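I opened this notebook to record how the strands and helices of one model are arranged. The entries follow the order in which I looked things up.

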Amino acid sequence: MTPILMLGAGRMGGAMLAGWRRAGAFALSDLMLCDPTPGEAALAAAEAGARLNPPEAELARARTVVLAVKPQVWAEAAAQYAGWLAADAVIVSIAAGVRASAVAKEFGGRAVARVMPTTAAAINRGTASLYADDPAALARAHALFEPLGAVVDLDDEAQMHAATAVSGSGPAYLYALVEALEGAAIAAGMPAKQAARLARSTMTGAAALLAESGGEPAQLRRQVTSPGGTTEAALEVLLSDRGLAPLLREAVAAAVKRSKALGG
Ligand SMILES: NC(=O)c1ccc[n+]([C@@H]2O[C@H](COP(=O)([O-])OP(=O)(O)OC[C@H]3O[C@@H](n4cnc5c(N)ncnc54)[C@H](OP(=O)(O)O)[C@@H]3O)[C@@H](O)[C@H]2O)c1
């Protein structure tokens, strides 16, 4: 599957590069990066041995091509590079909202996998939703994303809207929750510095425990909720009919709607 060519090496491409390097997934000499303004992680990878902006004739060596430019410019990038690629190169697109069939068309009918990743790939704790019609393209996407964290196969490309709303946008939900908890701590009388520390450390610690214990979230929640206690009092608000569940359903529905509008 190597050499791997990454078209666009900004925030998300950089997170993938950092994660691959941490995991020792691919030899740096097997990575080619094309980006006029590469991000920090891409520059670091180039310094360590990846090929940055190689001559176009070299692009034909790539077996796997990661399309990691912004969705607004993906077709322009495809037009720029498609002619230089080998006929059997496989395209793995992370462009949000862009259908696999559209990518295949712009890349001359080459096999395409579509992926919705998250930036925690940088620390090998990413989550990637994968879809491909073509089994070989799906296998290629697995090989790229398994070193970067969890991988979830989608049965139908239409599910990519929900995957985008839940997982692609999901990290922002946690960050917003931490911000809100920090605000609530200040409202409860805590100084700002301590409020920030408590909110961040409590949430990241609880998330790490969820990940490492392998327990169900409901079970972990019950373990920290004593009858008649403080947590129960708070959960009566959070789990009410106007609490977190309807709020998140509404938030995810809004993101799905936007994903459909952007994707056409
Ligand atoms: N960031 C996330 O959390 C996230 C999560 C899931 C999926 N994604 C997807 O990942 C893709 C990249 O997003 P991003 O946040 O990483 O964007 P980004 O930081 O802007 O990175 C894209 C990079 O591509 C470069 N570029 C633009 N046109 C190019 C071309 N023709 N050839 C080569 N490189 C080119 C850009 O350079 P310039 O800055 O000079 O334009 C930039 O360095 C998007 O399609 C997005 O939907 C991102």
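Entry 1. I began with strand 7 (residues 126–131) and found that it pairs with strand 8 in the parallel sense over 5 bridges. For T127, I looked up the bridge partner in strand 8, and it is A150. I note that the model is a predicted one.

Entry 2. I then traced the whole sheet. It is open, is formed by 8 strands in the order 3-2-1-4-5-6-7-8, and has mixed pairing. I identified the edge strands as strand 3 (51–52) and strand 8 (149–153), each of which pairs on one side only.

Entry 3. Next I checked helices against the sheet. Helix 1 (residues 11–23) lies across strand 1 (4–7), strand 2 (31–34) and strand 4 (64–67), and I read its angle to strand 1 as about 150°. Helix 5 (residues 135–145) also packs on the sheet, where it touches strand 1, strand 4, strand 5 (90–93), strand 6 (112–116), strand 7 and strand 8. The direction of helix 5 makes about 40° with that of strand 6.

Entry 4. I turned to helix 6 (residues 160–168) and helix 7 (residues 170–187), which pack at an angle of about 30° with their axes 5 Å apart. Because angles under 35 degrees count as roughly parallel, I recorded helix 6 as roughly parallel to helix 7. Which residues make the contact? From helix 6 I listed A165, V166, S167 and G168, and from helix 7 G170, P171 and Y173. I sorted the residues of this contact into 4 nonpolar, 3 polar and no charged.

Definitions and conventions:
Residues numbered from 1 in each chain as written. Predicted model: local features only at pLDDT ≥ 70, side-chain atom pairs only at ≥ 80, totals over all residues. Heavy atoms only, no water. Pairing = 2+ DSSP bridges. Helix = DSSP H or I, 4+ residues; strand = E, 2+ residues; numbered from the N terminus. Contact = heavy atoms within 4.5 Å. Axes fitted to C-alpha atoms, helices over the stretch in contact; angles between N-to-C directions. Parallel < 35°, antiparallel > 145°, perpendicular 65-115°, else oblique. Nonpolar A, V, L, I, M, F, W, Y, C, P; charged D, E, K, R; others polar.
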